[in-house]
Structures are given as structure tokens and as C-alpha cells.
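Work through the exercises below with the sequence and the model at hand. Try each task before you read its solution.

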Amino acid sequence: RSSPAAPAAPPLPPPEIVVTASKQGTPLHLYPGSVRVVDLEPDWLSRNAAEGTGAVAKLTPALTATNLGPGRDKLFVRGIADSSFNGPTQATVGQYLGDVRLNYNAPDPDLNLYDMKRVEVLPGPQGTLYGASSLGGIIRLVPNEPDGDDTYATIADGLGITWHGGISRDLAAMINLPVSGNQLAVRAVVYGTRKAGYIDDLSRGADDINSTHSDGLRMTWRLSDLFGWTVDVGGVFQNITNDDGQYVLRGDPQLTRSNSISQPFHNNYRLVFLNARKEIGGSELVLTTSFVRHELLSVFDATGHDGSALTARFEERNDITLISHETRISGGHQSSPWVAGIAAIYNLNRITRSLGPPGGLAPIANVGNFQPELSIFGQTSRVIGESLVATAGGRLTFAGSAGKLLDESSASPVAVFRNKVRFSPTAALHWHPAPALSGFLHFQQGYRTGGLAVSASAPEAESQRFNPDNLTQIELGVRLGHERDRLSIRAALFLADWNQIQADLINDAGLPYTTNIGKGRIYGLDGEIRWRLSQDVTVTAAAFLNESDLQTEPPTAGMNDDTLPNIARDGVRVGFEARTEIDPGIILTGDASVRYVGKSQLGAGPLLGVWQGDYLVADVGGRLSFGNFGLSLDITNLGNAHANTFAYGNPFGLHRRDQITPLRPRTIRLGIDARF
């Protein structure tokens with residue numbers, strides 16, 4: 001007789017979700033505030049990584065972006081939106097690659113997501129842990145780490161067809177290679193993408209003018225044991241080129257417009273970094289230093305800006321140098337963690353502008369801004385009784401700013417210096433009466449430093465300062481269940497007060513300037529329900545409701561009762577995910593979603609009071625895997641919806657109030673991926 005079969009081993013519990021953006025390794029269910037952790041599965045990445053940050057925004061209604069094009073968009077979280085335009089103001093959302101700061105006062109670098117592990121979105125302000133450029137929150141990309149135990153590689157290739165457009169192509173590959181046993185390893189990702197255009201220029205007889213090309217390399221070397229230290233040294237190199245703007249004009253034939261010249265955009269991003277960490281007793285010491293060079297070039301058709309019919313070209317170059325360093329130490333128990341550290345930032349940017357006939361551009365007002373910061377920060381949590389944890393912390397920042405006109409003929413060539421000392425506190429109560437139920441009350445503050453910008457009235461000769469702004473927010477939230485439970489719910493009510501709001505704007509002539517526009521109040525609801533119908537089928541529903549009130553001050557006075565720009569009053573996403581094993585080793589996964597983006601305005605006042613949004617879009621896709629190989633098919637904008645996602649493309653035509661940025665038409669992508 002054969003012996004009875006041994007009982008099957010029970011399935012291992014899913015790994016605990018840790019919010020690494022808290023800088024204390026806090027488990028998600030113990031984090032005293034709102035957070036969205038998006039695990040990026042390899043099969044999802046093989047299909048969506050080339051979309052960059054836009055792919056994450058599709059999953060999270062509270063994360064929104066402008067739609068100028070890849071590499072030139074501004075990101076907003078939970079309604080903290082200053083303006084639609086890019087300029088010298090600091091970003092409202094801080095972006096990080098692991099512990100490495102990616103941005104300070106630049107648009108979204110829009111890194112390719114291939115071989116990323118997860119994304120963490122922390123609504124802001126996050127002034128205590130992250131300092132400036134975190135009013136709206138933090139987006140933290142967590143890459144997969146070099147693995148010293150094995151050699152392997154992955155590759156993903158895709159071909160797409162866009163209705164009324166051309167053919168797209170994306171290709172990405174990763175290799176992980178141990179170099180010296182398990183002590184030294186390197187992990188590298190290389191990628192290239194061509195997103196087909198779908199807008200035609202009738203006057204120039206050009207089709208699909210708004211194609212986008214990108215290529216990049218991300219590499220990390222890891223030394224696993226250097227006298228007890230784990231050291232990562234790496235870099236990111238990425239180039240993005242938009243051949244032309246992706247806007248059309250109301251009243252023209254669908255997906256067409258006419259311009260005298262093309263309007264390209266270039267985003268060249270370079271980052272090198274060093275990260276070192278060491279266990280000291282029960283604590284962890286982390287040192288991170290990074291250097292960024294970011295070069296942006298925008299071109300616009302300025303024909304007619306002077307009242308004539310002569311062809312004119314406007315160019316803006318934004319050259320950014322960012323050096324940042326942080327040393328921190330963290331420790332404590334999961335329910336009572338602590339962190340303390342020091343941070344320093346050096347940011348220098350030069351904005352140079354020129355205007356005139358294409359062959360004879362003349363410089364107009366050019367400005368440079370220099371912003372150094374030195375901060376000391378700390379945060380700690382303590383258990384009170386059996387089910388309550390109190391958290392308190394603060395950040396003391398010594399921030400300086402200096403700005404000057406770069407035109408030697410200007411009336412004010414001398415740099416203007418300003419120094420500020422700021423304290424950004426945080427406090428929270430986290431209540432967990434049961435393992436699957438918790439609630440929190442969270443208070444936070446944040447700020448942005450000021451600077452020098454071109455004057456709205458006389459950009460050829462004058463400059464003006466814009467002052468620091470600050471934001472205070474309080475939120476009340478609840479979590480029921482964990483994200484990997486059968487049913488989980490999270491929701492938060494929030495109220496934010498924003499004073500001396502900095503904004504990059506456009507004057508009546510179409511030229512950019514920066515000023516403080518007034519104060520605003522934002523309140524709303526952010527929530528998500530995740531229901532696992534079975535082990536292989538999950539349904540999610542997420543919603544974001546927002547109301548804002550903007551009270552403007554000179555020089556933009558008279559625009560009271562406006563809402564903050566680019567933030568819809570509501571947004572909803574319903575998603576469906578499924579997985580089934582057809583035969584041993586053959587697995588089919590699929591997902592579908594429907595998103596509604598509510599109505600919003602381009603900006604405040606008559607010139608920018610243009611409505612956008614109010615559309616519904618559906619996506620569907622799936623992947624069939626055969627062991628280490630996979631085939632995928634995805635359809636975005638399934639219904640080929642036509643909608644105005646963003647009412648801006650060229651500042652010199654804003655006065656006509658007829659610009660529309662349409663949704664990308666229906667696109668079908670066929671992909672193949674493999675692991676070796």
C-alpha cells in the first residue's frame with residue numbers, strides 16, 4: 001500500500017506592506033496618515049512602463065497632471081495646484097527615486113517605470129520629512145535592487161497603432177549581474193520609446209506632428225559589505241523630445257491645426273547618486289548624496305504677438321543644477337518609530353528667453369535663481385495606552401534665495417538676496433482598536449521659498465520678486481482591513497489652507513511671469529474600496545472629491561470666487577483584475593478600468609477661465625504567459641472618446657480661448673516580454 005499523501009502546506013501570508021517613504025520603515029496599517037502604495041507587477045510593467053508617471057496617475061484619481069506632453073507636465077496631488085505653466089516656482093510635488101531627490105523646480109522628469117518595484121504616493125504637505133517642494137505631497141519610485149545571488153535579464157517589446165495616427169514602438173531591457181560573488185552586483189535598465197503623433201498641421205502639410213521620442217539608461221552598482229555598509233552608486237540618463245505640441249483649436253477639423261512653425265520640446269535629464277546605509281545596534285544610518293543636471297527647451301509659435309502677420313518664434317531654456325544631501329538615522333519599534341537627520345540642498349536655475357523671426361531671435365528678460373537650504377528634522381511616535389499612538393515632529397530650515405536678471409542692459413543687474421528661517425511641524429494621533437480597523441488625525445505644514453521672476457508688465461526690462469508660500473493641512477482618516485485582505489477600505493477627509501500662493505502665469509501678450517496670486521482653501525474626500533471576489537479576481541473603486549476657493553490679491557485681484565487650476569471637483573476610477581491558469585504553466589491575466597475625470601479650469605481670471613475635463617475613458621488589456629515568456633494586448637481609450645483634457649498648448653494663442661488638448665485616440669498595443 002502506498003502511504004497517504006502529505007497534506008499541502010498552507011499558503012504563506014503575503015509580505016507586509018512597508019511605507020519606506022516614511023523614512024522609518026512604517027507598516028502601512030500603522031502609518032498615521034494617508035498613503036497610496038502601488039505594487040508594480042512585472043507583467044503590468046512590461047505593458048505600461050513606457051507611459052511613465054502617466055501610468056500611475058491612471059490608477060490614482062487623487063494624482064493628476066497637466067497634459068502638455070511627456071517630460072513637460074506638472075503633477076498635483078489632492079488639489080494642491082498652483083498653475084498650469086512651468087516657470088521658476090518650486091514643484092508642489094516632490095519626486096524621489098528611492099532616497100534620491102529627482103526634482104526641485106522642474107516639471108515631471110517622467111522616468112520610464114521599467115523594473116520598478118512599487119510607487120508610494122504620500123499626500124502633503126510633507127514639510128517635516130521632506131522640506132520644500134512637498135506642499136502637495138511626495139511620489140517615491142522604488143526600483144528593484146541589484147541582486148548579488150543570481151544572473152538574469154528581462155526584455156519587453158511593444159508595437160502600437162493609434163487611430164488617426166502613426167505607429168508607436170517601445171523597447172526596454174534589464175540585466176542583473178553579480179560581479180564579485182555576492183559582494184558586488186550591478187543592475188541596469190535601458191529603454192527607448194517612440195509614441196506616435198495623431199495631430200496634423202494643415203498649413204504645413206505635415207501629418208502626425210506630435211510624435212514623442214525618448215531613450216534612457218538607469219544603472220546601480222551595489223557593494224553589499226564595505227565594513228558593514230551597503231553602498232549603492234548609480235545614475236539615470238534620459239532624453240525626451242516632443243516634435244510638436246499636442247493641442248488643436250476649437251472649430252478646426254478634428255485633430256488638426258495650422259501653425260507657421262513647429263513647436264518642439266526637449267527634456268534632457270542627468271542624475272548621479274550615492275546611497276550608503278549601515279545597521280548600528282537597532283538603528284539604521286542612511287547617507288544619500290545626488291547631483292542633477294536638467295535641461296529644458298520649449299519652442300512656441302509667436303506669430304501675431306506684435307499685431308503683425310510676420311512669423312515669430314519664442315524659445316525658453318531652463319537649465320537646472322540640483323545638489324542634495326541627507327544624513328538620517330532611524331530606529332524604534334514598529335508602533336513607536338523615530339527618525340532624525342540633517343539635509344542640504346543647492347539649487348541653481350537659469351531661465352533664458354528669446355523672441356523674434358526664426359532667423360533673428362533677440363533675447364528678452366532672462367533670470368537666474370539660486371536657492372540653498374540647510375535643515376534639521378526629526379519625528380517620533382509613542383504608544384499611549386493599548387490602542388493609541390501619538391506622533392510629533394518638526395523641521396527647522398535655514399533657506400536662502402537669490403535672484404538676478406541676466407541681461408546686462410537691465411536696470412537691476414545686482415542679485416537680490418533673501419534669507420528665511422522656517423519651522424514645519426507635524427502631529428498625528430493613530431487609533432487602532434482592532435487589528436483590521438484604524439483611524440488617524442494628522443496635522444502637517446509645508447512651504448516653498450521665493451525667488452526672482454520676470455515682471456508681468458515689462459518683461460523686456462524688469463523683474464519682480466515672488467514671496468514664499470506656505471500650506472497647512474489637517475486630515476481625518478480611517479482604514480478597514482489591509483490592502484491584501486479580502487475587503488479593504490480607506491478614506492480621508494482633508495482641509496488645507498494655502499497662503500501667498502506662488503504661480504507661474506501668462507500675461508495678455510502670451511509671455512510668462514511669476515507672482516503670488518493670493519490665498520486658497522481646499523477641502524475634500526479621498527477614498528478607495530478594494531474587494532477580492534476570489535483569490536484571482538479583484539475589483540477596486542477609488543474616488544476623489546474636491547472643493548477649492550481662491551481669493552486673489554494684486555496684481556491678479558478681481559478674480560475672487562475662482563477655483564484652483566487644473567483640479568477636477570471629482571474623479572472616479574473603477575478597475576477589475578483577474579488571473580486564471582489555463583493549463584500548467586500557461587496563465588492568463590487581464591484588467592479593465594473606467595475613469596471619469598471631472599470638470600476643471602485652466603486658471604483664474606477671464607484669460608485662463610477655460611473649462612476642461614468632464615470625460616469618461618475606458619482601458620482594457622491582458623497578458624498570456626508561457627513560463628518565462630509572455631504575449632500581451634492592450635487597448636487604451638477603448639471607446640475612442642474625444643475630450644478636452646487640458647485647454648492649453650501655446651501661450652501666444654491663449655487670448656482666443658480656443659485651445660484644446662484632446663485625449664490620445666484609441667490605441668492598440670501588442671507586446672512580447674521574456675525573462676532569461
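**Exercise 1: Arg277 and its network**

Arg277 has a relative accessibility of 22%, so Arg277 counts as partly exposed. The model is a predicted one.

Task: Which residue forms a salt bridge with Arg277, and how far apart are the closest N and O atoms? Which residues are joined into one network with Arg277 by salt bridges that share partners?

Solution:
1. Start from Arg277. Its salt-bridge partner here is Glu284, and the closest N and O atoms are 3.1 Å apart.
2. Now follow the shared partners. One network joins Arg277 and Glu284 with Lys23, Asp99, Arg140, Glu326 and Arg328.

**Exercise 2: Two more salt bridges**

Task: Find the salt-bridge partner of Asp115. Then say which parts of the chain the pair ties together.

Solution:
1. Asp115 pairs with Arg187, with 2.7 Å between the closest N and O atoms.
2. Locate both ends. Asp115 sits in the loop between strand 7 and strand 8, and Arg187 in strand 12 (residues 184-195), so the salt bridge ties together parts 72 residues apart in sequence.
3. Check burial. Asp115 and Arg187 are both buried.
4. Turn to another pair. Asp157 and Arg169 meet through their side chains in a salt bridge of 2.8 Å, N to O.
5. Asp157 belongs to strand 10 (residues 152-162) and Arg169 to strand 11 (residues 167-180), so this pair links parts 12 residues apart in sequence.
6. Arg169 is partly exposed, at a relative accessible area of 43%.
7. For the whole model, the count comes to 35 salt bridges.

**Exercise 3: An open sheet**

Task: What is the strand order of the open sheet of 5 strands? Which strands stand at its edges?

Solution:
1. Read the order: 3-8-9-6-7, with mixed pairing.
2. Strand 3 (36-39) and strand 7 (100-101) are the edges; each has a single partner strand, so one side of each has no neighbour in the sheet.
3. Look inside the sheet. Strand 8 and strand 9 (residues 137-143) run antiparallel, joined by 7 bridges.
4. Leu122 stands opposite Ile138 in strand 9.

**Exercise 4: Backbone exceptions**

Task: Is the peptide bond from Gly124 to Pro125 cis or trans? What is the sign of phi in Asn637 and in Asn640?

Solution:
1. Recall the usual case. Most peptide bonds are trans, and most residues other than glycine have a negative phi.
2. The bond from Gly124 to Pro125 is cis, with omega near 0 degrees. Pro125 lies in the loop between strand 8 (116-123) and helix 3 (127-130).
3. Asn637 has a positive phi, near 50 degrees. Asn640 also has a positive phi, about 50 degrees.
4. The loop between strand 37 (629-636) and strand 38 (644-646) holds Asn637. Asn640 lies in the loop between strand 37 and strand 38.
5. Asn637 is buried at 4% relative accessible area. Asn640 counts as buried at 17%.

Methods. Residues numbered from 1 in each chain as written. Predicted model: local features only at pLDDT ≥ 70, side-chain atom pairs only at ≥ 80, totals over all residues. Heavy atoms only, no water. Helix = DSSP H or I, 4+ residues; strand = E, 2+ residues; numbered from the N terminus. Buried < 20%, exposed > 50% of the residue type's maximum accessible area, 1.4 Å probe, protein only. Pairing = 2+ DSSP bridges. Salt bridge = Lys/Arg side-chain N within 4 Å of Asp/Glu carboxyl O.
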